[in-house]
Amino acid sequence: MIGAGRMGRPIVDRLVAAGYEPTVLTRRPQARAAAEAAGLRCADTVRETVRDAQAVLTVVFDDEQLRAAALGPAGVIAAMPAGAILVQHTTCDPATMTLLAETAAKRGISVLDAALSGNPRDIAAGQLTVWAGGAEQALADVRPLLDSYASPVMFAGPVGNGQRIKLINNALFVAQVGLAVDAVRLAGSMGISEEQILAAVAQGSGASRALSSVGELMSKDISVVRAAAERAGADLGLIGQVLCSAVVERQVLGGGAPPDRALAEQSKGSPGPMKDG
């Protein structure tokens, strides 16, 4: 496991509970100290972490960290044994996944573009969502491993599709949050309080995950989906208009006040926080 932070560490815990014996590499001293205190096997270098692995999982922050960890003579791919499988969970540009897969193929290594949707509570419950792009046989080989912390695990087609689905998912969610914020504004202009509209709509056909949580919205994901759409010549359409709106730019991505999350979570059947990797 490369990365044992907010998402990586609970995955490690589920793997251990399922009988696996992962070796962990994490860059933050406090994360390593916590892992060692829990009795996990920690390594000092990439090579030490992956040299005997049948499967390597990467859960780092962004493209830059992923490329630094995976590529180059001291990277994960160079150190992995032939025949192993790289399960890449970090949210990144689909082009990065293509580069990783092409580099790995030269060494006889398979790559799964295993994009995540979920949070630490989903992992602890074994309910993380995974959209996996790559070879179906590679997915079949690591499915028992993935099943220890994820359900559903959905095949997405070729490498890159997992990330494309994740980016579209996140773009749609951010747009929905923007609409929810504007719905609160509209309600206020009609004399209905934020608390009242959120509690009411949570029980109606307008209910959505966006009403109950804003999660950790990262503008980096929106930047990536815009870049990927531009390269593909794809029109973001109405979603793009909402993402460029002042509400989303200032109040959602800019860290402004979201709808009252605590109140919405009290409503019957309201969904949990945003699934995000």
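Begin by selecting Asp44, which is exposed, with a relative accessible area of 55%; exposed here means over 50% relative accessible area, buried under 20%, and partly exposed in between, with a 1.4 Å probe and protein chains only. The model in your viewer is predicted, so local features need pLDDT of at least 70 and side-chain atom pairs count only at pLDDT 80 or more, while totals for chains, interfaces and linings use all residues. Residues are numbered from 1 along each chain as its sequence is written, and side-chain values use heavy atoms, with hydrogens and water left out.

**A network around Arg32**

Keep Asp44 selected and add Arg32: the two form a salt bridge, with their closest N and O atoms 2.7 Å apart, a salt bridge being a side-chain nitrogen of Lys or Arg within 4 Å of a carboxyl oxygen of Asp or Glu. This pair links distant parts of the chain, since Asp44 is in the loop between β2 and α3 (46-50) and Arg32 is in helix α2, twelve residues apart; helices (H or I, at least four residues) and strands (E, at least two) are DSSP runs, numbered from the N terminus. Now add Glu36, which forms a salt bridge with Arg32 at 2.9 Å between the closest N and O atoms, and which lies with Arg32 in helix α2 (residues 29-37), four residues apart, about one turn of the helix. Glu36 is partly exposed at 41% relative accessible area, and Arg32 is partly exposed at 23%. With Asp44 in view as well, salt bridges that share partners join Arg32, Glu36 and Asp44 into one network.

**From Glu21 to Arg41**

Next select Glu21 and Arg41, which form a salt bridge with the closest N and O atoms 3.6 Å apart. Glu21 lies in the loop between α1 and β1 and Arg41 in strand β2 (residues 41-42), so this pair ties together parts that are 20 residues apart in sequence. Glu21 counts as exposed at 64% relative accessibility, whereas Arg41 counts as partly exposed at 46%.

**Tyr20 and Arg9**

Move to Tyr20, which is in the loop between α1 and β1 (23-24) and is in contact (heavy atoms within 4.5 Å) with Leu15, Pro144 and Leu145, leaving aside its neighbours within four places in sequence. Tyr20 and Leu145 are 125 residues apart in sequence, yet their C-alpha atoms are 8.3 Å apart in space.

Is Arg9, in helix α1 (residues 8-17), buried or exposed? Arg9 is buried, with a relative accessible area of 19%, and beyond its neighbours within four places in sequence it is in contact with residues including Ala34, Ala35 and Leu40.

**Two leucines further along**

Select Leu186 in helix α9 (residues 161-189), which counts as partly exposed at 42% relative accessibility. Then go on to Leu236, placed in the loop between α12 (219-232) and α13 (237-243), where Leu236 touches Arg226 and Ala229, not counting residues up to four places away in sequence.

**The whole model**

Finally, clear the selection and colour by pLDDT, the predictor's confidence in each residue, from 0 to 100. The mean pLDDT of the protein is 87, and 88% of its residues reach 70 or more, but pLDDT stays under 50 over residues 256-277. The protein comes to 15 helices and seven strands, and buried residues make up 48% of its 277 residues.
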